[in-house]
Amino acid sequence: MAETLTGEGSRLEPFRAELTGYCYRLLGSGFEAEDAVQETLLRAWRSFDRYDEQRASLRTWLYSIATNICLDMLRSTQRRALAMDLSRAADAGPSVGEPVPERVWIQPVPDGLVLPMDGDPEEVAVRRETIRLAFVAALQHLPPRQRVVLILRDVLRWKAGEVATLLETTVASVTSALQRARSTLKAVDVMPGEPFRPSDPAQRELLTRYCAAFERHDITALVALLHEDATMSMPPFAWWLRGRDRIRQALLDPDASCAGARLVPVAANGSPAFWQTRPGPDGVHAPFGLVFLDVFEGLVRGITTYLDADRLIPLFGAPADSPRTPHPFPSHR
């Protein structure tokens with residue numbers, strides 16, 4: 001986990017969350033984003049006596065360091081993806097295949113790690129939308145420098161001249177890269193659903209009904225809340241399903257039963273998200289997976305369950321005792 005810097009580093013710490021959000025969008029992994037930002041702040045701290053505020057603001061200087069670190073990291077890694085990018089939809093059945101290495105997947109991230117604690121509500125809403133799994137996955141289709149340009153210009157609202165200075169290039173080059181990046185994103189087939197609005201009564205009711213049906217293990221009620229073309233995936237397996245009927249068949253499989261499981265809300269990726277916990281032999285619930293829902297037009301259109309709970313707990317923290325329905329939802333600023 002991240003270490004807090006002391007001395008001159010106290011001037012750098014306030015930038016940690018926004019830098020982590022920036023690196024997360026570039027890298028697609030909360031773990032790698034934390035590493036990149038920690039390295040950024042350490043490099044800045046060690047060379048702070050050489051920082052010239054006449055040449056660049058402290059924020060711009062830190063983003064320049066972070067950008068170079070991320071670009072170096074991206075040179076040696078493949079594009080991260082969601083299951084829908086890796087294989088065709090499968091049939092419901094007893095086998096989900098072999099797990100795919102962690103480096104292949106878009107990894108989730110806690111909201112508190114990447115979103116500012118305060119700020120303009122509209123700006124925070126934009127940043128929340130751009131850490132959702134589908135958007136981060138779409139960004140991975142861009143070449144790294146185009147990814148940098150699009151995030152700085154369209155997400156963080158930097159001016160073209162500022163981006164050109166950071167990348168040591170021309171405004172014309174930045175403008176061209178932004179146009180190509182936007183064109184690529186339009187061509188990427190993603191279904192991000194609608195924004196998560198915890199205060200929206202209709203959306204809140206849908207999620208509460210979903211959680212209640214899940215915890216009752218009421219497959220009929222649960223499937224009734226799904227879109228006809230809903231998807232279900234379970235990283236680290238490339239196996240995934242499309243369609244309400246196939247999902248129903250998978251949920252009815254006695255060998256994959258979720259009977260007795262609970263859902264505990266967690267603030268993650270600006271989305272409806274829950275720890276799924278399951279009872280052990282002693283009856284005590286333990287984390288089984290981290291579940292993300294995509295909501296669209298009053299129904300659930302996507303279910304993504306990250307099964308590697310032990311890997312994610314150090315980043316997210318262990319879930320508290322599972323509340324009973326109706327479920328409260330964590331604050332999403």
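Biologist: In this predicted model, leaving aside neighbours within four places in sequence, which residues is Tyr 24 in contact with?

Modeller: Neighbours within four places in sequence are left out of the list for Tyr 24. The contacts that remain include Ile 106, Gln 107, Pro 108 and Val 109. Also in contact with Tyr 24 are Ser 29, Gly 30, Ala 33, Val 114, Ile 131, Leu 133, Val 136 and Asn 269.

Biologist: How many residues does the largest nonpolar core have?

Modeller: In soluble globular proteins, nonpolar side chains tend to be buried together. Here, the residues with the most contacts inside the largest nonpolar core are Tyr 22, Cys 23, Tyr 24, Leu 62 and Leu 152. The largest share of this core comes from α3, with 10 residues. The core as a whole has 69 residues.

Biologist: How many residues are in the other core, which lies apart from that one?

Modeller: Cys 258, Ala 261, Leu 263 and Val 300 are among the members of this other core. Its count is 31 residues.

Biologist: Is α2 largely enclosed or not, and how many of its residues are buried?

Modeller: Buried means under 20% relative accessible area. Residues of α2 that are buried include Phe 31, Val 37, Leu 41 and Leu 42, and the buried residues of this helix pack against α1, α3, α5 and α14. Helix α2 is largely enclosed by the rest of the structure, because the buried residues number 12 of the 17.

Biologist: At the start of α2, which backbone nitrogen does a side-chain oxygen of Ser 29 reach?

Modeller: The oxygen belongs to the side chain of Ser 29, and its partner is a backbone atom. The oxygen comes to within 3.3 Å of the backbone nitrogen of Phe 31.

Biologist: How many aromatic pairs are there, and what is the angle between the planes of Phe 48 and Trp 61?

Modeller: The count comes to 7 aromatic pairs. In the pair of Phe 48 and Trp 61, the centres are 6.1 Å apart. Planes over 60 degrees apart count as edge-to-face, and this pair is edge-to-face at 70 degrees.

Biologist: How many residues apart in sequence are the parts that this pair ties together?

Modeller: Phe 48 is buried, with a relative accessible area of 10%, and Trp 61 is buried at 17%. Phe 48 lies in the loop between α2 and α3, and Trp 61 lies in helix α3, so the pair ties together parts that are apart in sequence by 13 residues.

Biologist: Which residue lies over the face of Phe 288?

Modeller: The distance from the ring centre of Phe 288 is 3.7 Å. The residue over this face is Arg 278.

Key:
Residues are numbered from 1 along each chain as its sequence is written. This is a predicted model: local features need pLDDT of at least 70, side-chain atom pairs count only at pLDDT 80 or more; totals for chains, interfaces and linings use all residues. Side-chain values use heavy atoms; hydrogens and water are left out. Rings of Phe, Tyr and Trp (its six-membered ring) pair if their centres lie within 6.5 Å; planes under 30 degrees apart count as stacked, over 60 as edge-to-face and the rest as tilted. Helices (H or I, at least four residues) and strands (E, at least two) are DSSP runs, numbered from the N terminus. Buried means under 20% relative accessible area, exposed over 50%, partly exposed in between (1.4 Å probe, protein chains only). A charge sits over a ring if NZ of Lys or CZ of Arg is within 6 Å of the ring centre and within 35 degrees of the ring normal. A nonpolar core is a set of buried Ala, Val, Leu, Ile, Met, Phe, Trp, Tyr and Cys residues joined through side-chain atoms within 4.5 Å. Contact means heavy atoms within 4.5 Å. A polar contact is a pair of N or O atoms within 3.5 Å; within protein, one must be able to donate a hydrogen and the other to accept it, and residues adjacent in sequence count only if both atoms are side-chain atoms.
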